[in-house]
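Trainee: I should like to learn how the features of a structural model are read. May we work through one together?

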Amino acid sequence: MFLARIELLPANESAKTVALFATCLVDLFQPEVGFAAVRLLEAAGFDVRVPDQGCCGQPNFNGGDQDGARQIAAGLIRQFAGYDYVVAPSGSCAAMVRCHYPVLFADDQELERSAVELAQKTWELTSFLVDVAGYDIGSAALDASVTYHDSCSGLRELGIREQPRQLLSSVAGIELREMEQPDACCGFGGLFCVKYPDVADRIGSVKTDSICAVGADYVAAGDVGCLMQIEGKLHRLGEKKIKVVHVAEILAKALLNVSRKDSPGSVDADD
Amino acid sequence: MQTTSKHFRAQAREALANETLQASLEGVRRVMPEIRAAAADRCDDFAALCTQAKDVRQHSIDHLDQLLATFEQQVVAAGGQVHWARTGEEATQIIADLCASVDCRSIIKSKSMVSEEIELNSALESAGYEVTETDLGEYIIQLRGEKPSHILAPSLHVSLAEVGEAFNAKHGIERDAPPTDAGEMLLEARAVLREKFLSADVGITGANFLVAETGGVVVVTNEGNADLSMSLPDTHIVVTGIEKVVRSLVDTGVLLRVLARSAIGERLSNYTTFVHGPRQEGEISGPRGFHVVLVDNGRSQLLGTGFRDMLRCIRCSACLNHCPVYTAVGGHAYGSVYSGPMGAILTPAFAGLPGTVHLPGASTLCGRCESICPVGIPLVKLLRRWREASHAQSLPTAGERFGLACWRLVNRWPLVYRLVTKFGVILVRSLSVPGTGQQRWLKRLPSFTALWTQHRDIPAPAGNSFQAQWRRHRAGRKS
């Protein structure tokens, strides 16, 4: 939306390389999240590359198709070799690479080694910015209240709880408001919401109820899967006041407010 | 084990439409995680205690044969008897035979999930015995002819008014209208059950733990009904699973400390009873006959499999209370007496995967259960393992298998992904309608996909993928 047309910073060729693993949901459904992630990573001083890529194989892995997951993983391991870091704007896709790739290849030592190597340098975006890059968002500003939904895989497989909150609350003007049980699942669950839409809807309703009760301007999360589930339910309910955004988008938007002051006219935001 | 798990979808729909059930589930959802977390916080290093509990249970599973043999020796030394049942049918037969041997007419029971698993009540009733459940929740569902909908709170799905109606229908008390006051109903149940306690010949209880070193049986309740069930009748029969055995009293203490905190957010349950054998010389009360029926019913077969960790389960029910799926649909939707995450793993093990394939499928794999399991069972991994087994046996629908096969092919090569998704996006966007800004929405999908948009809209994919936009952007940056 507001980011697709942002002028990105000039590529910093001497910096460490980050390969952005955009993830298929960002690639196909929310390209602006990819650009927001690039914007943040470049602001943190990295040289961002985007290798040709597809899905991490999670649908197959969680659907019981281990062979399929292995085949997809083997491809992704090749595509992302040779960078200093791999960063994904998704807890569940980063967790797939970090936690599950290494155990997929027990029968193939060479691939196992590459999988472990990739796993060790793969990070979810907010944890990379905070834990690896020590990124300070500086004078970024945004006057808004935000409630943050903890995406399950990021929270429980990668321990991401404080990082996004830390980034959000260091933006001048952002007021973080906690919803009831922010760590409760939104009901997306990948194939689950396709196979059991009724149950997924009820779980989603519980989540959107707690989001609406907070009454924040934005609900943010770190996974596009959750965002689609939440946004889809709010849209059907006709709830227009609460904007559903990836945490990267809101941070990049706050950065934008700074660059707007620094060099007026360099951005073209449309929100 | 009989299940109706293959009807999960229909049962879940029914549950979602059941307002009484939904009100109860909302209570579970809101209250239980909070009180468990508060109890964990009040405890000195609850995480360390859970690690200890996990080690205790792991020791049990690793030394099951030795511990069970020791337990049997100790029970026999105390004057009791141990009976081994390979299957549920064998167990119910043993218990029916024991009842026959003491000329039993009426039986009282305290709550036991193993007895639900082996369908003990119906077996005993068809053998001509009167069986009365004495846990209030179990008693209510017995009157209503139902199965438990929660392993700890079996009548969770029943409203107070429905309890009144059940009491009115079954208690034979003349009155104008069914009782509506909870306190009044409680006293009524107590009066009815007190008669049953006093006249029963056999009392059947479950066991939370079996203590190998002492031959002790540990029973935890909130109502004290198990204590009456095991001490008033002349014969006490314990029915439980072989995996419940624990090395020592000290180890049992560790488990008791995590059990009530995980289950109900309390340090201990109201009643925790250690019973060792029948009435001894010189004692003036207690049963003369003491029998422990150890049920395998598929448990030992799990030992050699990837599901071995599940045998650590202490049936605390925390995984149900924290599960988004359980708290959306309740226990009956699972079609098995074991529900929630633990049920979705145990039921396929006990009843076979073909009829129960929905249970491991109907999970978001959110992992909240695993994060609060007091004995560290890797529930997500085990759910996924059942999905692997079901995929290997081609049990998912042809559509699902075809979808995964396509996704695998598409994602092996980025170029194929790029081409296929490009056309896929064009196709999907043709079904979408405009929204605000550039966002388009899928609001009514056709045919079998209609269900996806029944309750919610789906954001349509973007016209140009991130990678396509990035390539253009890169080209622009270089020039």
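Trainee: Where in helix 2 of chain B does a kink lie, and which proline follows shortly after?

Mentor: Please bear in mind throughout that this is a predicted model. A bend is the angle between axes fitted to the seven residues ending at a position and the seven starting there. In helix 2 of chain B, the kink is at B:Val31 and amounts to about 30°, and B:Pro33 is the proline shortly after that position.

Trainee: How does the reach of helix 2 of chain B compare with what is expected at 1.5 Å a residue?

Mentor: Helix 2 of chain B runs over residues 19–42, which makes 24 residues. From the first C-alpha to the last the distance is 35 Å, close to the expected 34 Å. At its start, B:Asn18 places a side-chain oxygen within 3.1 Å of the backbone nitrogen of B:Thr20.

Trainee: Which residues of helix 2 of chain B are buried?

Mentor: The cut-off for burial is under 20% relative accessible area. Among the buried residues of this helix are B:Leu25, B:Val28, B:Met32 and B:Pro33, and also the polar or charged B:Gln22, B:Arg29 and B:Arg36. For chain B as a whole, 55% of the 479 residues count as buried.

Trainee: How many helices and strands does chain B have?

Mentor: Chain B has 22 helices and 13 strands. Its C-alpha atoms fill a box of roughly 100 × 60 × 45 Å along the principal axes. Of the contacts in chain B with a separation of 6 or more, 71% come from residues 24 or more positions apart.

Trainee: Let us turn to chain A. Where does helix 5 of chain A bend, and by about how much?

Mentor: The bend is at A:Val97 and is about 30°. The end-to-end test can be applied here too: 14 residues, 91–104, should span 20 Å at 1.5 Å a residue, and the end C-alpha atoms are 19 Å apart, which agrees. At the N-terminal end, A:Ser90 acts as the cap, with a side-chain oxygen 3.3 Å from the backbone nitrogen of A:Ser92.

Trainee: Why is helix 5 of chain A described as largely enclosed by the rest of the structure?

Mentor: The description follows because eleven of its 14 residues are buried. These include A:Gly91, A:Cys93, A:Met96, A:His100 and A:Tyr101, as well as A:Val97, the residue at the bend.

Trainee: Why does A:Val146 count as buried?

Mentor: Its relative accessibility is 0%, and therefore A:Val146 counts as buried. A:Val146 belongs to strand 5 of chain A, residues 141–149. Beyond four places in sequence, its contacts include A:Leu168, A:Ile174, A:Tyr218 and A:Ile250.

Trainee: What joins the side chains of A:Asp47 and A:Arg49?

Mentor: They are joined by a polar contact of 2.7 Å. A:Asp47 is in strand 2 of chain A and, at 1% relative accessibility, counts as buried.

Trainee: How is the size of an interface often given?

Mentor: It is often given as the accessible area lost when the parts come together. Between chain A and chain B the buried area is about 6200 Å², with 56% given by carbon and sulfur atoms. In terms of residues, 70 of chain A are in contact with 63 of chain B.

Trainee: How many salt bridges does the rule find across the interface of chain A and chain B?

Mentor: The rule finds eight. In one salt bridge, the side chains of A:Asp52 and B:Arg418 meet at 3.4 Å, N to O. Across this interface there are also 36 residue pairs in polar contact, both residues at pLDDT 80 or more.

Terms used:
Residues numbered from 1 in each chain as written. Chains lettered and ligands numbered in written order. Heavy atoms only, no water. Helix = DSSP H or I, 4+ residues; strand = E, 2+ residues; numbered from the N terminus. Expected span 1.5 Å × (residues − 1). Buried < 20%, exposed > 50% of the residue type's maximum accessible area, 1.4 Å probe, protein only. Polar contact = N/O pair within 3.5 Å; in protein donor to acceptor, adjacent residues only side chain to side chain. Contact = heavy atoms within 4.5 Å. Buried area = accessible area lost by both parts, 1.4 Å probe. Salt bridge = Lys/Arg side-chain N within 4 Å of Asp/Glu carboxyl O.
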